[in-house]
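Colleague: Thanks for making time today. Could we go through this model together, starting from the charged pairs and working towards the core?

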Amino acid sequence: MNPIITGDADKNFKNFKNFNRDFNIYVMSIDRWNAIMTKNLFEYCVAKYRGAGIDDMLVIPKGAVHDFMSTFYWIIANTPEKVICIVDDDVKVMCYRNDKRYPITDKDGNPDRETATMECERIGQILYDLNLGLAFDNPNYASYIYDREFGFKGMPGHIRWVNKAAFKAKLDENDPAKSDIDMAMQELLLNRVILLPKYYCTTALMDTNAGAAEARKAHIDMTIAMHNKWGQYYEYDYRKNIARIGVKR
């Protein structure tokens with residue numbers, strides 16, 4: 001397994017007043033060169049594999065990672081920028097959201113890459129200016145989720161920002177609760193606040209495969225581990241298949 005992390009580390013991001021080539025967007029993809037959609041959505045992240053004409057890739061050495069979280073932390077440790085944005089490879093469209101979802105497209109219905117990229121830069125800048133470690137969108141893109149521009153706790157979605165200098169969550173390979181939700185809980189414990197842009201969201205495909213039963217068991221095992229680790233601060237509704245962070249803010 002060789003995860004392919006695409007980005008553009010040579011871009012000069014003038015919108016970042018405190019930065020000099022210190023922000024980048026990476027698309028995390030594993031063995032899905034023919035299924036990537038996120039490549040269409042941003043100005044300077046290129047998300048196809050070299051066989052499909054992509055030269056700008058960060059290839060993780062074989063054996064260096066083995067799952068989503070080890071890949072996520074490897075990206076943080078092995079990229080040069082101060083703030084990075086990590087996006088899933090199956091994002092169909094970026095949206096604004098308030099009374100309803102508004103796809104970020106041009107007048108012809110094509111992705112407006114400049115605007116989508118600008119919003120990623122804006123959120124990265126805010127994260128940096130506030131000296132916070134983690135931001136992410138909400139996995140639920142329904143309009144009723146929007147009740148303010150930013151929230152300060154929540155569940156991780158399809159796009160995440162990391163300010164490396166302030167990021168405090170650590171990966172424990174032996175922890176059965178290791179997950180992006182556990183990462184969020186660690187940041188809430190150590191930094192007290194997560195930045196959750198509610199006005200900016202993604203529409204993405206849900207992953208379905210022949211191993212659904214195994215994936216379901218792994219999900220239940222992780223949920224139980226999260227309950228054991230975080231107690232009353234982590235809630236999961238098995239009937240609705242919804243997790244909630246029970247930290248008061």
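Colleague: Happy to begin with K178: is K178 buried, partly exposed or exposed?
Modeller: Keep in mind that this is a predicted model. Buried would need a relative accessible area under 20% and exposed one over 50%. K178 comes out at 21% relative accessibility, so the class for K178 is partly exposed.

Colleague: Which residue does the side chain of K178 meet in a salt bridge?
Modeller: K178 sits in the loop between β9 (159-163) and α3, and its partner is in the loop between β3 (57-59) and α1, 111 residues apart. That partner is partly exposed too, with a relative accessible area of 24%. The N to O distance is 3.1 Å, and the residue is D67.

Colleague: And which residues are joined with it into one network by salt bridges that share partners?
Modeller: The salt bridge of K178 and D67 is one of 12 counted in the model. Sharing of partners brings in E173, and the network consists of D67, E173 and K178.

Colleague: What about D88: which strands does its salt bridge with R160 tie together?
Modeller: The two side chains meet at 3.1 Å, N to O. Both ends are buried, because D88 has 13% relative accessibility and R160 has a relative accessible area of 2%. The pair ties together parts that are 72 residues apart in sequence, and those parts are strands β4 and β9.

Colleague: In the salt bridge of D22 and K82, which residue is buried?
Modeller: The two side chains meet at 3.8 Å, N to O. D22 is in the loop between β1 (4-6) and β2, and K82 is in the loop between α1 and β4, 60 residues apart. K82 has a relative accessible area of 37%, so K82 is partly exposed. With a relative accessible area of 14%, the buried residue is D22.

Colleague: Now the helices: how many residues of α3 are buried?
Modeller: α3 reaches 16 Å from its first C-alpha to its last, close to the 16 Å expected at 1.5 Å a residue. The buried residues include charged ones such as D180, D182 and E187, along with I181, M183 and L188. α3 is mostly covered, and of its 12 residues the number buried is 10.

Colleague: Which residue with a positive phi follows α2?
Modeller: Helix α2 (residues 113-129) has 17 residues and reaches 24 Å, close to the 24 Å expected. α3 is followed by R192, with a positive phi near 75°. For α2 the phi is near 55°, and the residue is N131.

Colleague: Which strand lies between β6 and β11 in the open sheet?
Modeller: The edge strands are β6 (101-103) and β11 (200-204), each pairing on one side only. Over 3 bridges, β6 pairs in the antiparallel sense with residues 91-97, and Y96 has Y102 as its bridge partner. The order of the 3 strands is β6-β5-β11, so by the sheet order the strand between them is β5.

Colleague: Finally, how many residues does the largest nonpolar core have?
Modeller: Elements giving it two or more residues include α1 (68-78), α3 (180-191) and α4 (212-230). Y234 is among the residues with the most contacts inside this core, and beyond its sequence neighbours Y234 is in contact with residues including I181, M226 and A243. Another core, of 21 residues, lies apart from it. The residue count of the largest core is 32.

How values were computed. Residues numbered from 1 in each chain as written. Predicted model: local features only at pLDDT ≥ 70, side-chain atom pairs only at ≥ 80, totals over all residues. Heavy atoms only, no water. Core = buried A, V, L, I, M, F, W, Y, C linked by side-chain atoms within 4.5 Å. Buried < 20%, exposed > 50% of the residue type's maximum accessible area, 1.4 Å probe, protein only. Helix = DSSP H or I, 4+ residues; strand = E, 2+ residues; numbered from the N terminus. Contact = heavy atoms within 4.5 Å. Expected span 1.5 Å × (residues − 1). Pairing = 2+ DSSP bridges. Salt bridge = Lys/Arg side-chain N within 4 Å of Asp/Glu carboxyl O. Lists of a residue's contacts leave out its neighbours within four places in sequence.
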